[in-house]
Protein chains: 2
Amino acid sequence: MNKEKQKKLEKNGWKIGTTKEFLGLTDEEASYIELKLKLSANLKRVRTERKLTQVELARIIKSSQSRVAKLETGDPSVSLDLIIRSLLALGTSKKDIARTISS
Amino acid sequence: MNKEKQKKLEKNGWKIGTTKEFLGLTDEEASYIELKLKLSANLKRVRTERKLTQVELARIIKSSQSRVAKLETGDPSVSLDLIIRSLLALGTSKKDIARTISS
DNA sequence: TAAATATATGTCATATCTGACATATACGCA
DNA sequence: TGCGTATATGTCAGATATGACATATATTTA
């Protein structure tokens, strides 16, 4: 996949028009990235709601603080698998995950 | 993660009690696997509805027939990322994906 | 303000996922 | 039955994701 495009995408809040057309993403690519970003944002929301630090979450999911940071900032190196597993580890229900996806 | 457990899980239709307790999975593991299996089954459903062969789907997602077979049989070697991307490539909406997840 | 705490970024060796290939099995249908 | 077509399974080299670490940058607290 296209790491560079996604990296760019995550940084520009100043765009004119959609980032999708700016970067020339296909519909699938755009949807996929959008999905990941939504779930990442949700993960951060859930963690902070639970008043956990990134270090604490890292312990729970048996990872590291740096990876949690990457999870939450939508770093292109993180997989949907890890995002979903982290959400599940925090007790997020399937219904909530579904809600986030279709929102 | 635990490939062997999942591999077992996918084969036994004859279990007594839940596979989860039989295999000693944690709640997160069980939910995660269940999620993947649901989405895999959905992918197969969508493909056959569209009257596509595995070879044709493989072309669309730029993969191979064998990987498509693995996608659809819930092989432990396939990621959620690939399942989701395949569904998106077939035009499945986020709403539909969400429905599958919370079903 | 400074120090403490939390989060972000960069890098890397290793683990896991990937497409591709060979080959096996299943399912028609003549 | 055998033959054509579709799907499943096994393997592997190369690609991508991973946890861990160092370190930079925010953010909070005294």
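These legends describe close-up views of a predicted model with protein chains A and B and DNA strands C and D.

**View 1. Protein residues around DNA strand C.** There are 21 residues around DNA strand C, and those that come nearest are Gln54(A), Gln65(A), Ser66(B), Arg67(B) and Ser79(B). Of the strand C atoms that come within 4 Å of the protein, 46% are accounted for by sugar and phosphate. By class, the surface near DNA strand C holds four nonpolar, 10 polar and seven charged residues.

**View 2. Polar side chains at DNA strand C.** Both protein chains appear in this view, with Gln54 from chain A and Ser63 and Ser64 from chain B. The side chain of Gln54(A) places an N or O atom 2.6 Å from a phosphate oxygen of DNA strand C. Ser63(B) also faces the backbone of the strand, with a polar side-chain atom 2.9 Å from a phosphate oxygen. Ser64(B) instead has a polar side-chain atom 3.3 Å from a base nitrogen of DNA strand C. Two or more residues of the surface near this strand come from each of helix H3 (27-49) and helix H5 (65-73) of chain A and helix H5 (65-73) of chain B. H5(A) gives the most, with five residues.

**View 3. Protein residues around DNA strand D.** DNA strand D has 21 residues around it. Ser66(A), Arg67(A), Ser79(A), Gln54(B) and Gln65(B) come nearest. Sugar or phosphate makes up 47% of the strand D atoms within 4 Å of the protein, and bases make up the rest. The surface near DNA strand D is made of four nonpolar, 10 polar and seven charged residues.

**View 4. Polar side chains at DNA strand D.** Which kind of atom in DNA strand D does the polar side-chain atom of Ser66(A) lie 2.5 Å from? For Ser66(A), the partner is a base nitrogen. Ser79(A) has a polar side-chain atom 2.6 Å from a phosphate oxygen of DNA strand D. From chain B, Gln54(B) has a polar side-chain atom 2.6 Å from a phosphate oxygen of this strand. The elements that supply two or more residues to the surface near DNA strand D are H5 of chain A and, from chain B, H3 and H5. The most residues come from H5(B), which gives five.

**View 5. The interface of chain B and chain A.** Chain B and chain A each bring 19 residues to the contact. About 1900 Å² is buried between the two chains, and carbon and sulfur atoms give 72% of this area. On the chain B side, the residues that lose the most area to chain A are Asp81(B), Arg85(B) and Lys94(B), together 31% of what that side buries.

**View 6. Salt bridges and polar contacts between the chains.** Two salt bridges are found across the interface of chain B and chain A. One of them joins Glu34(B) to Lys94(A), with the closest N and O atoms 2.6 Å apart. Seven residue pairs are in polar contact between the two chains. Helix H3 (27-49), helix H6 (80-89) and helix H7 (94-102) of chain B each give at least two residues to the side that touches chain A. This side of chain B consists of nine nonpolar, three polar and seven charged residues.

**View 7. The rotation axis between the two protein chains.** A turn of 180° with a shift of 0.0 Å along the axis lays chain B on chain A with an RMSD of 0.1 Å. This relation is therefore that of a two-fold axis. The chain B residue that comes closest to the rotation axis is Ala98(B), its C-alpha lying at 2.1 Å. The copies meet through the same surface, because 100% of the interface residues of chain B are also interface residues in chain A.

**View 8. A salt bridge inside helix H3 of chain A.** Side chains of opposite charge can pair when their charged atoms come close. Lys38(A) and Glu34(A) form a salt bridge in which the closest N and O atoms are 3.7 Å apart. Both residues lie in helix H3 of chain A, four residues apart, which is about one turn of the helix. Over all chains, a search of the whole structure finds 10 salt bridges.

Terms used: Residues numbered from 1 in each chain as written. Chains lettered and ligands numbered in written order. Predicted model: local features only at pLDDT ≥ 70, side-chain atom pairs only at ≥ 80, totals over all residues. Heavy atoms only, no water. Near = heavy atom within 4 Å. Polar contact = N/O pair within 3.5 Å; in protein donor to acceptor, adjacent residues only side chain to side chain. Nonpolar A, V, L, I, M, F, W, Y, C, P; charged D, E, K, R; others polar. Contact = heavy atoms within 4.5 Å. Buried area = accessible area lost by both parts, 1.4 Å probe. Salt bridge = Lys/Arg side-chain N within 4 Å of Asp/Glu carboxyl O. Least-squares fit on C-alpha atoms with pLDDT ≥ 70 in both.
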